[in-house]
Amino acid sequence: MFPKLYIAQQPESLNLVEKQDALFVVSADGGQRPYQYQWQKLNAEGRWVDLPGANQDSYQLPKVTLAQSGLTLRCVVTGEGIREGGHSPEAAARQVSGRRS
């Protein structure tokens with residue numbers, strides 16, 4: 001029996017200047033490895049939706065724009081052969097300021 005899977009490191013919220021890169025990182029522990037990762041964003045209707053291809057322990061957004069300010073992300077992590085997993089309950093929000101680099 002494996003210890004329960006949990007999120008050991010939450011993705012952090014970032015305050016960025018337009019055209020900076022944003023990097024979000026999550027780490028998990030416990031459960032059965034290997035882990036599967038799925039990054040999600042909170043849409044305008046308040047539902048979490050998968051980001052296509054965002055299935056690593058980190059998620060990078062290159063050269064953020066003002067239009068992306070306020071984007072809220074989380075990562076769902078599951079263990080091998082386990083339907084239930086953990087997610088980053090403290091979703092990471094990104095704020096992009098109007099200052100230009």
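The points below comment on a predicted model of a single chain.

1. Confidence. The chain has a mean pLDDT of 81, and 77% of the residues score at least 70. Strand β7 carries the highest confidence, at 94, whereas strand β10 (residues 92-100) carries the lowest, at a mean of 55. Statements about β10 should be read with that value in mind.

2. Secondary structure. The chain contains 10 strands and 0 helices. Read from the N terminus, its elements therefore follow the order β-β-β-β-β-β-β-β-β-β.

3. Burial, surface and contact range. Buried residues make up 35% of the 101 in the chain. The accessible surface amounts to about 6,400 Å², and carbon and sulfur atoms account for 48% of that area. Of the contacts between residues at least 6 apart in sequence, 64% link residues at least 24 apart.

4. Nonpolar core. The largest nonpolar core comprises 19 residues, and the members that touch the most others are W39, Y59, L61, L73 and V77. Two or more core residues come from each of β3 (22-25), β5 (35-42), β7 (58-61) and β8 (72-79).

5. Surroundings of Y59. Beyond its neighbours within four places in sequence, Y59 contacts A22, L23, F24, W39, L51, A54 and L73. Y59 has a relative accessible area of 17% and so counts as buried, the limit being under 20%. W39, one of its contacts, is buried with a relative accessible area of 0%.

6. Aromatic pairs. The structure has 2 aromatic pairs. Y35 and Y37 form an edge-to-face pair, with 6.4 Å from centre to centre and 85 degrees between the planes. Both rings belong to buried residues: Y35 has a relative accessible area of 12%, and Y37 stands at 17%. The W39 and Y59 pair is stacked, because the ring centres lie 6.1 Å apart and the planes meet at 25 degrees. Since W39 belongs to strand β5 and Y59 to strand β7, this pair ties together parts of the chain 20 residues apart in sequence.

7. A buried polar residue. Q40 is located in strand β5 and is buried, at 10% relative accessible area. Its side chain makes polar contacts with two other side chains: that of D50, at 2.9 Å, and that of R74, at 2.7 Å. Setting aside neighbours within four places in sequence, the residues in contact with Q40 are W48, V49, D50, L51, T72, L73, R74 and V76. Two of these, L51 and L73, also appear among the contacts of Y59.

How values were computed: Residues are numbered from 1 along each chain as its sequence is written. This is a predicted model: local features need pLDDT of at least 70, side-chain atom pairs count only at pLDDT 80 or more; totals for chains, interfaces and linings use all residues. Side-chain values use heavy atoms; hydrogens and water are left out. A nonpolar core is a set of buried Ala, Val, Leu, Ile, Met, Phe, Trp, Tyr and Cys residues joined through side-chain atoms within 4.5 Å. Buried means under 20% relative accessible area, exposed over 50%, partly exposed in between (1.4 Å probe, protein chains only). Helices (H or I, at least four residues) and strands (E, at least two) are DSSP runs, numbered from the N terminus. Contact means heavy atoms within 4.5 Å. A polar contact is a pair of N or O atoms within 3.5 Å; within protein, one must be able to donate a hydrogen and the other to accept it, and residues adjacent in sequence count only if both atoms are side-chain atoms. Accessible areas come from the Shrake-Rupley method with a 1.4 Å probe; for residues, only the protein chains shown count as cover. pLDDT is the predictor's confidence in each residue, from 0 to 100. Rings of Phe, Tyr and Trp (its six-membered ring) pair if their centres lie within 6.5 Å; planes under 30 degrees apart count as stacked, over 60 as edge-to-face and the rest as tilted.
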